[in-house]
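Dear colleague,

I am handing over the structure below, and my notes on what was found in it follow directly after.

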Protein chains: 2
Amino acid sequence: MRIDRRTGLEVLDIDTCLELLASEEVGRLAIGTGGAPLVVPVNYALDGETIVFRTDPGAKLDWAGRGGATFEIDGLDRDSRTGWSVVVSGRLEEVTRYDAATLERVSRLAVEPWAGGDKQHWLRLIPGSITGRRLHRR
Amino acid sequence: MRIDRRTGLEVLDIDTCLELLASEEVGRLAIGTGGAPLVVPVNYALDGETIVFRTDPGAKLDWAGRGGATFEIDGLDRDSRTGWSVVVSGRLEEVTRYDAATLERVSRLAVEPWAGGDKQHWLRLIPGSITGRRLHRR
């Protein structure tokens, strides 16, 4: 474990990032729009190294296949002023019936959105990078 | 208070959004890049309706004045499967000594980054929109 002495930040390895991603169930999806990104909390599951979630028709679905997106989870502790974050950046795409094997696999994942609505569309974020940092007490 | 019966979502008014922004001290900044957004947790303070934070030279500072950015805070409760989020989108700019009045005002704000480093540069996100949602138990 290597901690930057100036900032107190440790760079997390990929296995730690994936463990943290597997341990959470809600994060924030930021979708590039050319201007200010859209940012929205989403319930998700992990399909290997891919972030999978369900959605209704709307901005997220409109953007699928068109641009880049970033998914973030974190654990922040105000008392100790420490925390960690994991950031996945990549390409957002809809999983359609034309990719039946993937659709069947992700449909079995336990993605239960807290918010109501049909959310019959499946999106996935195919990672180009997975990075994480943990801030230690100095 | 009007809750969407299908989704359980309540749209928060601007005063509630600003109260929530005033009550927190760390959120996530998403910076548009043309591709996948950069997303990073930041300590912040509120200067009126403007989000203010400190930074070291790097991607955030490089982007200031060039593009759109979005700031998000939330409170998510896995036990009750409820939560809220507030999202501020706008224009990121550095507060420099050429705007001495603003620099003096923001320098007095209690922005104490958890991470170390000089962080001598001040950035602010000038909102184009402030929106919030609260998910109720259905």
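To begin with the surface, chain A has an accessible area of about 6,900 Å², and 46% of this belongs to carbon and sulfur atoms. Please keep in mind that the model is a predicted one.

As for the fold, chain A holds 3 helices and 8 strands, which follow one another from the N terminus in the order β-α-β-β-β-β-α-β-β-α-β. Its radius of gyration is 16 Å, close to the 14 Å that the globule rule gives for 138 residues, so chain A is as compact as a globular protein of that length. Its C-alpha atoms fill a box of roughly 50 × 35 × 30 Å along the principal axes, and 51% of its 138 residues count as buried. Among the contacts in chain A with a separation of 6 or more, 69% join residues that lie 24 or more positions apart.

Turning to the interior, the largest nonpolar core has 26 residues, of which Leu21(B), Leu29(B), Ile51(B), Phe53(B), Phe71(B), Ile73(B) and Val86(B) touch the most other members. Among the elements of chain B that give two or more residues to this core are helix H1 (14-23), helix H2 (59-63) and strand S7 (82-95). Leaving aside residues up to four places away in sequence, Val86(B) touches residues including Cys17(B), Leu20(B), Phe71(B) and Ile130(B). There is also a second, separate core of 25 residues, which includes Leu29(A), Val40(A), Ala64(A) and Leu92(A).

Finally, on charge, chain A carries 19 positive and 21 negative charges, whose mean positions are 6 Å apart.

With best wishes

Terms used:
Residues are numbered from 1 along each chain as its sequence is written. Chains are lettered from A and ligands numbered from 1 in the order in which they are written. This is a predicted model: local features need pLDDT of at least 70, side-chain atom pairs count only at pLDDT 80 or more; totals for chains, interfaces and linings use all residues. Side-chain values use heavy atoms; hydrogens and water are left out. Helices (H or I, at least four residues) and strands (E, at least two) are DSSP runs, numbered from the N terminus. The radius of gyration is taken over C-alpha atoms; the globule rule is 2.2 Å times the number of residues to the power 0.38. Buried means under 20% relative accessible area, exposed over 50%, partly exposed in between (1.4 Å probe, protein chains only). Contact means heavy atoms within 4.5 Å. Accessible areas come from the Shrake-Rupley method with a 1.4 Å probe; for residues, only the protein chains shown count as cover. Lys and Arg count as positive and Asp and Glu as negative; His and the chain ends are not counted. The place of a charge is taken as NZ of Lys, CZ of Arg, CG of Asp or CD of Glu. A nonpolar core is a set of buried Ala, Val, Leu, Ile, Met, Phe, Trp, Tyr and Cys residues joined through side-chain atoms within 4.5 Å.
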